[in-house]
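The exercises below ask you to read burial, contacts and helix packing from a structure. Work through each task with the coordinates open before you turn to its solution.

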Amino acid sequence: MLDGSEVWCQLWSEPDAGSDVASLETRAERDGDGWTLHGQKVWTTGAQHCRWGLAIARTDPDVPKHRGITCFVVDMLDPGVTVRPLRQMTGGAHFNEVFLDGARVPDEHVVGDVGGGWHVAMATLANERYSVGGLLTTGFSAEPVLALAGEWAGGRPARDPVLRQELARIYTAWRLLALTNARSLSALARGSVPGPEGSTIKLAWARLSTALADVAVRVLGPAAGIVGEDAPEPGHWTTALLYAPANHIAGGTDEIQKTIIGERVLGLPREPAVDRDVPFRELKAASARR
Ligand SMILES: Cc1cc2nc3c(=O)[nH]c(=O)nc-3n(C[C@H](O)[C@H](O)[C@H](O)COP(=O)(O)OP(=O)(O)OC[C@H]3O[C@@H](n4cnc5c(N)ncnc54)[C@H](O)[C@@H]3O)c2cc1C
């Protein structure tokens, strides 16, 4: 995984469990010396290219929802796993529906403790927020938009104060995010654990990616309507604009990042959760679906 020769996917979200992923309904049942998984995952990035997936499933419905979850390594080539790509408005099919119909998982593929999957999921998500917004590793930058404005708009930045202001805004946001990233990466390299700073990074990156694509498409004007080899920048910025809404959702929505920042950075009161101590089996939404 580290050198990129193996790609894994993250089987967390379900049709009825996204922001509140602890309400997931995929179940794992003991089966001899292993487990069988039954349920459906959705929005699973890259599942069609993966050999392995990290899945969370319910192993104990008689305890509160966060406590009855276990994390498993799933063989994506198991006959009990079906992957169905979902077409997006960019034209690509980046994520998938994944159906688990009795997928077999050996006991040694349990990650962490049985019933301790929530901690594995939270650690994975905390890392994901840093990596999603990780400008230093993705090479994501405002400079191509500044270059585009210079080349394409034929000196317009010099004449158009509104465009100039927008270019300054995205450049500033990009530099701030790059410096925040550098600071957090060096803290992680010194041994600190991913924390709520990842939420600020993810939120800022989602906003910046949208703003970059928006400014670029406006600079291109009507030419942005073309995507393909003969299009300016082969349609890159148009695709980026169509993809941008996903950046506000993947890895936890903007609203969820704001809740994390509110609770863990600003010290605001915790969001009320009346179901926190109720056995999963007794939850109204879950029992209505059974
Ligand atoms: C590009 C992309 C890639 C993804 N890749 C993966 C993947 O690889 N693996 C995986 O498991 N999942 C993946 N996801 C799924 C993603 O994690 C979920 O879509 C996300 O957590 C939101 O869940 P949901 O879609 O069910 O929306 P919901 O949770 O139903 O949210 C709907 C709306 O309600 C708001 N909302 C919900 N709860 C609250 C609250 N408590 N307070 C305030 N507002 C709230 C949300 O912010 C949102 O606006 C991906 C999603 C995208 C877009």
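This is a predicted model, in which local features need pLDDT of at least 70 and side-chain atom pairs count only at pLDDT 80 or more, while totals for chains, interfaces and linings use all residues. Residues are numbered from 1 along each chain as its sequence is written.

**Exercise 1. The overall frame**

Task: State how many helices and strands the protein has, and what its C-alpha trace spans along the principal axes.

Solution: Begin with the DSSP runs, numbered from the N terminus, where a helix is H or I over at least four residues and a strand is E over at least two; the protein has nine helices and eight strands. Next, take the principal axes, along which the C-alpha trace spans about 70 × 45 × 40 Å. Then turn to burial, for which a residue is buried if 20 or more other C-beta atoms, placed from the backbone, lie within 10 Å of its own, exposed if 12 or fewer do, and partly exposed in between; buried residues make up 31% of the 290 residues. Finally, consider contacts, defined by C-beta atoms, placed from the backbone, that lie within 7 Å of each other: among those between residues at least 6 apart in sequence, 69% join residues at least 24 apart.

**Exercise 2. Two strand residues**

Task: Decide whether Leu54 is buried or exposed, and find which residues Leu54 touches.

Solution: Locate Leu54 first, in strand β4, which covers residues 52-58. Leu54 counts as buried because it has 20 C-beta neighbours inside 10 Å. Leaving aside residues up to four places away in sequence, Leu54 touches Trp8, Gln10, Leu11, Cys71, Val73, Val111 and Thr124. As a check on distance, Leu54 and Val74 are 20 residues apart in sequence, with 6.2 Å from C-alpha to C-alpha.

Compare this with Trp43, which is placed in strand β3 and counts as buried because 21 C-beta neighbours lie inside 10 Å. Its backbone deserves a separate look, since phi of Trp43 is near 65 degrees, a positive value in a residue other than glycine.

**Exercise 3. Packing of α3, α5 and α6**

Task: For each pair among these helices, work out whether the two are roughly parallel or roughly antiparallel.

Solution: Axes are lines fitted to C-alpha atoms, for helices over the stretch in contact, and angles run from 0 to 180 degrees between N-to-C directions. Angles under 35 degrees count as roughly parallel, over 145 as roughly antiparallel, 65 to 115 as roughly perpendicular and the rest as oblique.

Step one: the axes of α3 (residues 143-152) and α5 (residues 161-189) come within 9 Å and cross at roughly 160 degrees, so α3 is roughly antiparallel to α5. Here Val145, Leu146 and Ala149 of α3 meet Leu163, Leu167, Ile170 and Tyr171 of α5. This contact divides into seven nonpolar, no polar and no charged residues, where Ala, Val, Leu, Ile, Met, Phe, Trp, Tyr, Cys and Pro count as nonpolar, Asp, Glu, Lys and Arg as charged, and the others, Gly among them, as polar.

Step two: α5 and α6 (residues 197-220) have axes that come within 10 Å and cross at roughly 150 degrees, and therefore these helices are also roughly antiparallel. Their contact has 12 nonpolar, three polar and two charged residues.

Step three: the axes of α3 and α6 come within 10 Å at a crossing angle of roughly 10 degrees, so this pair is roughly parallel. Val145, Leu148, Ala149 and Trp152 from α3 meet Leu212, Val215, Ala216, Val219 and Leu220 from α6, a set with nine nonpolar, no polar and no charged residues.

**Exercise 4. The ligand shell**

Task: Identify which residues are closest to the ligand and which elements give two or more residues to its shell.

Solution: With a residue counted as near when its C-beta atom, placed from the backbone, lies within 6 Å, 19 residues surround the ligand, and the closest are Trp12, Gly18, Ser19, Ala250 and Thr253. The elements that give two or more residues are β1 (8-11), β3 (34-45) and α8 (254-264). By class, the shell holds nine nonpolar, nine polar and one charged residues.

**Exercise 5. Two partly exposed positions**

Task: Place Val265 and Arg164 in the model, and give the C-alpha separation of Val265 from Pro144 and of Arg164 from Cys9.

Solution: Val265 lies in the loop between α8 and α9 (284-289) and counts as partly exposed because it has 13 C-beta neighbours inside 10 Å. Val265 and Pro144, 121 residues apart in sequence, are 33 Å apart in space. Arg164, in helix α5, counts as partly exposed because it has 14 such neighbours inside 10 Å; its C-alpha atom is separated by 41 Å from that of Cys9, 155 residues away along the chain.

Technical notes: Contact = placed C-beta atoms within 7 Å.
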